[in-house]
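This report looks at one long element of a protein chain and at the charged pairs around it. The sequence and structure come before the discussion.

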Amino acid sequence: DTLVQAEKTLQQLESALEKDELKQQMDAAAAESVSSAITAIGEVTLDKKGVVEAARAAYESLSDDQKVLVVNASTLTAAEARIKALEKEAADQAEEAKKQQEREAALKAEAKPVEDTIAAIGEVTLESREAIEQARAAYEELSAEAQAKVENLSVLVIAEKELAVLEAEFNSKLEKDELKQQMDAAAAKSVSSAITAIGEVT
């Protein structure tokens, strides 16, 4: 009976050892599978979020004994932290881009009345001085950033040059007319003096 009992105990021990060895092999295989999934993450970018989440789900499905065997678990934790940092960075960039768009829209809205004032100048004549000066004054009142958004500034600059040419031509003509009048007056006076000098005709 003792021998039979000893054989039975030995069989039980062998069976337990086999079970334990099988469990270890299964645990190792499960851990290796998760380790491979973590390694497959590679360089962490935002489009790897799904891969990281899948690796985390696989890791969490392991038993505590199996988790211990995952040698690169810290790599998974680091990848998750990197994903969070990248998401925050992307959110910050999106917020900054939104603010920049709003700023651009505000500057364009600020510049629009000035553009309209410049467009209203139309064909430049001697009567355009007031309109041109108003447009220039309105432009100068803008901030440097808003001035940069005025898309038809060249129209104003050209109008100012055209007005300067017209006024110069007009002033030149005035001076010529005035000079002619003076010369005419001088000639007339000379003739008048000559007539006066005749005196009484005898």
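What follows covers helix geometry, burial and salt bridges.

The model is predicted. Helix 4 runs over residues 73–119, a total of 47 residues. At 1.5 Å a residue it should span 69 Å, and its end C-alpha atoms are 67 Å apart, which agrees. Helix 4 nevertheless bends by about 30° at A111, with the proline P113 following within four residues. A111 is also among the buried residues of helix 4, which further include A73, L76, A79, I83, L86, L107, V114, E115 and I118.

The salt bridge count comes to 14. Three of these pairs are listed here, with the N to O distance.

| Pair | N to O distance |
|---|---|
| R56 and E80 | 2.7 Å |
| E60 and K67 | 3.3 Å |
| K112 and D116 | 2.8 Å |

R56 belongs to helix 2 (residues 49–60) and E80 to helix 4, so their salt bridge ties together parts that are 24 residues apart in sequence. Both partners are partly exposed: R56 has a relative accessible area of 21%, and E80 has 23%.

In the pair of E60 and K67, E60 is partly exposed at 43% relative accessibility. K67 counts as buried at 18%, because the cut-off for buried is under 20%.

K112 and D116 both sit in helix 4, four residues apart, or about one turn of the helix. K112 is partly exposed at 43% relative accessibility, and D116 is partly exposed at 40%. Elsewhere, salt bridges with shared partners join R56, E60, K67 and E80 into one network.

How values were computed. Residues are numbered from 1 along each chain as its sequence is written. This is a predicted model: local features need pLDDT of at least 70, side-chain atom pairs count only at pLDDT 80 or more; totals for chains, interfaces and linings use all residues. Side-chain values use heavy atoms; hydrogens and water are left out. Helices (H or I, at least four residues) and strands (E, at least two) are DSSP runs, numbered from the N terminus. The expected span of a helix is 1.5 Å times one less than its number of residues. The bend at a residue is the angle between axes fitted to the seven residues ending there and the seven starting there. Buried means under 20% relative accessible area, exposed over 50%, partly exposed in between (1.4 Å probe, protein chains only). A salt bridge is a side-chain nitrogen of Lys or Arg within 4 Å of a carboxyl oxygen of Asp or Glu.
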